[in-house]
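User: I should like to go through this model step by step, with a short line of reasoning for each answer. Please begin once the structure is shown.

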Amino acid sequence: MGHGIAQVTAMAGNEVTIRDIDEEVLADGVDSIEANLQGGVDRGKVTEAEMTATLDHISTTTDLEAAVGDAELVVEAVPEDVGLKQSVFEDVEAAAPADAIIATNTSSLSVTEIVSTLDDSGRALGLHFFNPVHIMGLVEVIRAEQTDQATLDRITQFVESLDKTPITIRDSAGFASSRLGVALGAEAIRMLETGVASPRDIDQAMELGYNHPMGPIELTDVVGLDVRLDVLEYLREELGERFRPPQALRRKVRAGKLGKKSGEGFYVWEDGEIVGVSGEGDIDDV
């Protein structure tokens, strides 16, 4: 998510610094951005000049102070752990300008809780982009209990400058998109468990029948089965048993089959493409 947010922000003409604790991760992120842009060039969606300009707007560092020292906006995209996000927020607040907006890209965690450790929590909020960031047009702007109106106005203008559509959501478990999305994904997995249809057919039902750009099984693989499991566990705790994770999802995660990033989830992946269906629980092959 971090490199995707960086890409669309740089494409809008902003100077962007990507920060991570690992140089290799940073290099992989830039490689992914370059691959996305090259794909756009190949499809006639991006010009060579736009690709070059975007890459010129992006720099990387492992130094947090160097990354945020003169930033107008800082977006964290670390793993879905409240304590980790709070720690990052505290470090960012200490290093960033006093008027910088600090945003979390969490897909489901309480933004109000995440920002509660800040001295000035009025300048913080949730900014939930969707994967893949350079393609998806929606951004959820999550207003925490502490977020002030000026912050909300500034971030709404920023999202619109990226040629994306902001929707404002009051901070609540799962917001709007994750709550609906994981419910659909969980039901699709239960359909696999009971042999209703294959992953391909379930995905095509939503892609062709409801015009979804990606079916719920494939999307679960792309997001990460471990991420989906964590979100469901959190929503179950906050909202009740209707969000109980399917056992098939638990088994996959225990086996290390986390989706696209591990090479196998409900599908089998090679070089970022689906090449087959994982054998567990499927009723037929690709």
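User: Which residues of strand β8 lie on its covered face?

Analyst: The model is a predicted one. Strand β8 spans residues 267-270 and has two faces. V268 and E270 belong to the uncovered face. The covered face is formed by Y267 and W269.

User: In which sense do β8 and strand β9 pair, parallel or antiparallel?

Analyst: Strand β9 comprises residues 273-277, and four bridges link β8 to β9. Within this pair, W269 stands opposite I274 of β9. The sense of the pairing is antiparallel.

User: Which residue in the hairpin of β8 and β9 takes a positive phi?

Analyst: The hairpin has two residues between its strands. Most residues other than glycine have a negative phi. The residue in question is not a glycine, yet its phi is positive, near 50°. It is exposed, with a relative accessible area of 81%, and lies in the loop between β8 and β9. The residue is D271.

User: Which residues of helix α10 are buried?

Analyst: Helix α10 covers residues 216-223 and is mostly covered, with six of its eight residues buried. Buried here stands for a relative accessible area under 20%. The elements that cover these residues include α8 (177-193), α9 (199-209), α11 (225-239), β8 and β9. The buried residues are P216, I217, E218, T220, D221 and V222.

User: What phi does G224 take just after α10?

Analyst: Helix α10 runs over residues 216-223, and G224 comes just after the helix. Its phi is positive, at about 115°.

User: In what order do the five strands of the open sheet lie?

Analyst: The pairing in this sheet is mixed. Its edge strands, each of which pairs on one side only, are β3 (73-76) and β7 (165-170). Neighbouring strands are turned by 30° against each other on average, direction ignored. The order is β3-β4-β5-β6-β7.

User: Which residue of β4 is the bridge partner of L73?

Analyst: Strand β4 comprises residues 101-104 and pairs with β3 in the parallel sense, over four bridges. L73 falls within β3, which spans 73-76. Its bridge partner in β4 is I101.

User: Which helix packs on the sheet and touches β3, β4, β5, β6 and β7?

Analyst: The helix comprises residues 149-161, and its direction makes about 25° with that of β5 (124-129). Its contacts also take in β6 (138-143). The helix is α7.

User: Which residue in the loop between α7 and β7 has a positive phi?

Analyst: The residue is other than glycine, and its phi is near 65°. At 71% relative accessibility it counts as exposed, the cut-off for that class being over 50%. Its place is the loop between α7 and β7. The residue is D163.

User: Which two residues does a cis peptide bond join?

Analyst: Most peptide bonds are trans. Here, omega is about 0°. The proline of this bond is found in the loop between β5 and β6. The two residues are N131 and P132.

User: How far apart in space are E23 and L208, C-alpha to C-alpha?

Analyst: E23 is placed in helix α2 (residues 23-42). With a relative accessible area of 52%, E23 is exposed. In sequence, 185 residues separate E23 and L208. In space, the separation is 41 Å.

User: What share of residues 174-269 is helix?

Analyst: The UniProt record, in an unreviewed entry, lists these residues as "domain: 3-hydroxyacyl-CoA dehydrogenase C-terminal". The end C-alpha atoms of this stretch are 28 Å apart. Strand accounts for 3% of the stretch, and helix for 61%.

User: What is the radius of gyration of the chain?

Analyst: The chain has 12 helices and nine strands. The globule rule gives 19 Å for 286 residues, and the chain comes close to that value, so it is as compact as a globular protein of that length. Its C-alpha atoms fill a box of roughly 55 × 45 × 35 Å along the principal axes. The radius of gyration is 19 Å.

User: What percentage of the residues in the chain is buried?

Analyst: The accessible surface comes to about 13,900 Å², of which 47% belongs to carbon and sulfur atoms. Of contacts between residues at least 6 apart in sequence, 64% join residues at least 24 apart. Among the 286 residues, the buried share is 45%.

Terms used: Residues are numbered from 1 along each chain as its sequence is written. This is a predicted model: local features need pLDDT of at least 70, side-chain atom pairs count only at pLDDT 80 or more; totals for chains, interfaces and linings use all residues. Side-chain values use heavy atoms; hydrogens and water are left out. Two strands pair if DSSP finds at least two bridges between them. Axes are lines fitted to C-alpha atoms, for helices over the stretch in contact, and angles run from 0 to 180 degrees between N-to-C directions. Contact means heavy atoms within 4.5 Å. The radius of gyration is taken over C-alpha atoms; the globule rule is 2.2 Å times the number of residues to the power 0.38. Buried means under 20% relative accessible area, exposed over 50%, partly exposed in between (1.4 Å probe, protein chains only). Accessible areas come from the Shrake-Rupley method with a 1.4 Å probe; for residues, only the protein chains shown count as cover. UniProt positions are given in the numbering used here, feature names are shortened, and annotations may be inferred rather than shown by experiment.
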